[in-house]
Amino acid sequence: MPPPRTRGKRLRHRLAELRGPEVQATALDARALAALAANPGCRRRAILDGAGVDKAALAGALGSPSVFGQSQFAFVRGNAFEAKVKADGGTELLRLAHEKLDRGAEPPAGARVPDLSAQGPEGRTARTELALREAAEAPGAWTLLDHPMLALDVAGSPAFLEPDAVVVHPDGSWTVVEIKSFPMLDGAADPAKVGAAARQAAVYVLALERVAERLDPPPRVRHRVLLVCPKDFSNLPAASAVDVRKQRAVTARQLARLTRIEEIADTLPEGTCFSPELPPERLEQAVDSVPATYAPECLSACELAFHCRDRSRAAGAVTSLGRPVRAELGGLTTVGDVLAAARGEAGDPDDPAVAALRRAAALRAEALASAREVAACR
């Protein structure tokens, strides 16, 4: 087996070939890594993100442009809300952190807010680590890091991540803060949006843990993050503590899979390239050479979702109906298989999924027959 340095160089060369000649790699951010964690079985997304392919440009070249994303209005509103939360040296933000996460500590009066400005992402990452080190060496006070820069190794390359904030507690532990513009109504927010925020925060938690591992003794990175949202329909901040241990574990497993992305790359035909500049036929062939695991949730997380949905529907895959339906159907992977099993034309009668489908088909036929009898009597 080649040494790690040689393998890493070979992998980077192979990923550059997949991306296209002289095409600048698209940097991975926390949203992209969180989306990977939301669909860990999708080899297509793994190889495209690992190679740094611009999936939005790719989707446009395939004729299925992405339309999801944050509106300009929501972006401006979110920035205004974040500025309000962090005003006066983060007084309100730290009050919420004390109330929701650390009531036993002293109230956050006179917290430290270090300057994290530096040249380039590498400089900001180093400045952030220095600020975290200084806070860990001087416990007993609250510290707020506004937009720190963290680095996480992804497939042998650093991904630079920028959480909204990180709070250092008086006991030296660290907490990730996520500030979102969606409302928290009666103390609860939309579960789907909270889940997406939790997956994104889990990426930051992993990156913070890498920083903590380099300190002696390593500070504790809390697995309960602080989610701050507008209260009801006002612009007043409300907060909730969200446990991200499950999301962190899933993200860690997916990142470990990404570091072995050469296994996926080695299965691709020689000359495969995902450059949007290629002719559409060749580009479709390249994309379709990598298996995808489409689910309706992809529509809110992946730029290629519309292309993958069309392919999934054309193949009659039951995954296009959602993961819960797919899980209930066992070995029946296509809509054709499901219908044939329900009609008694195929499938093992002892299979619980097949038996349930035939029972459902019989009940449906009985209900339709009863409806016809009622209609005839009228």
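**Exercise 1. Contacts of a loop residue**

Which residues does Ala295 touch, not counting residues up to four places away in sequence?

*Solution.* Note at the outset that this is a predicted model.
Step 1: place the residue. Ala295 sits in the loop between α11 (280-288) and α12 (305-314).
Step 2: list the contacts. With residues up to four places away in sequence left out, Ala295 touches Thr319 and Arg323.
Step 3: check burial. The relative accessible area of Ala295 is 2%. The cut-off for buried is under 20%, so Ala295 counts as buried.
Step 4: compare sequence and space. Ala295 and Pro324 are 29 residues apart in sequence. Their C-alpha atoms are 10.0 Å apart.

**Exercise 2. The faces of α11**

Find the buried residues of α11, then say how they are arranged around the helix axis.

*Solution.*
Step 1: pick out the buried positions. In α11 they are Leu283, Ala286 and Val287.
Step 2: look down the axis. The buried residues of α11 fall within an arc of 95°, so they line one face of the helix.
Step 3: recall the helix geometry. An α-helix has 3.6 residues a turn, so residues three or four places apart point the same way.
Step 4: turn to the other side. The face of α11 turned away from its buried side carries Glu281 and Gln285, both exposed.
Step 5: identify the cover. The elements over the buried residues of α11 include α3, α4 and α12.

**Exercise 3. Salt bridges of Asp49**

With which residue of helix α3 does Asp49 form a salt bridge? Describe the setting of Asp49, and find its bridge to a lysine.

*Solution.*
Step 1: take the partner within the helix. The side chains of Asp49 and Arg45 form a salt bridge, 2.8 Å from N to O.
Step 2: locate the pair. Both residues lie in helix α3 (residues 43-51), four residues apart, about one turn of the helix.
Step 3: find the lysine. Asp49 also bridges to Lys55, with the closest N and O atoms 2.6 Å apart.
Step 4: check burial. Asp49 has a relative accessible area of 5% and is buried. Arg45 is buried as well, at 8% relative accessibility. Lys55 is buried too.

**Exercise 4. Another pair, and a network**

What is the distance between the closest N and O atoms in the salt bridge of Glu82 and Lys86? Then name the members of a salt-bridge network.

*Solution.*
Step 1: read the distance. In the Glu82 and Lys86 bridge, the closest N and O atoms are 2.7 Å apart.
Step 2: check the surroundings. Glu82 and Lys86 are both buried.
Step 3: follow shared partners. Arg44, Glu284, Asp288 and Arg311 are joined into one network by salt bridges that share partners.
Step 4: give the total. The structure holds 23 salt bridges.

**Exercise 5. A strand residue and a loop residue**

Characterise Thr175 and Ser64 by element, burial and contacts.

*Solution.*
Step 1: start with Thr175. This residue lies in strand β5 (residues 174-179) and is buried, at 1% relative accessible area.
Step 2: find its polar partner. The side chains of Thr175 and His169 make a polar contact of 2.7 Å.
Step 3: add wider contacts. Beyond four places in sequence, Thr175 touches residues including Leu101, Val167, Arg222 and Leu226.
Step 4: move to Ser64. Ser64 belongs to the loop between α4 (55-61) and α5 (72-85). Its relative accessible area is 10%, so Ser64 is buried.
Step 5: list its contacts. Beyond four places in sequence, Ser64 touches Ala59, Glu303, Phe306, His307 and Asp310.

Key. Residues numbered from 1 in each chain as written. Predicted model: local features only at pLDDT ≥ 70, side-chain atom pairs only at ≥ 80, totals over all residues. Heavy atoms only, no water. Helix = DSSP H or I, 4+ residues; strand = E, 2+ residues; numbered from the N terminus. Buried < 20%, exposed > 50% of the residue type's maximum accessible area, 1.4 Å probe, protein only. Contact = heavy atoms within 4.5 Å. Salt bridge = Lys/Arg side-chain N within 4 Å of Asp/Glu carboxyl O. Arc of directions from axis to C-beta. Polar contact = N/O pair within 3.5 Å; in protein donor to acceptor, adjacent residues only side chain to side chain.
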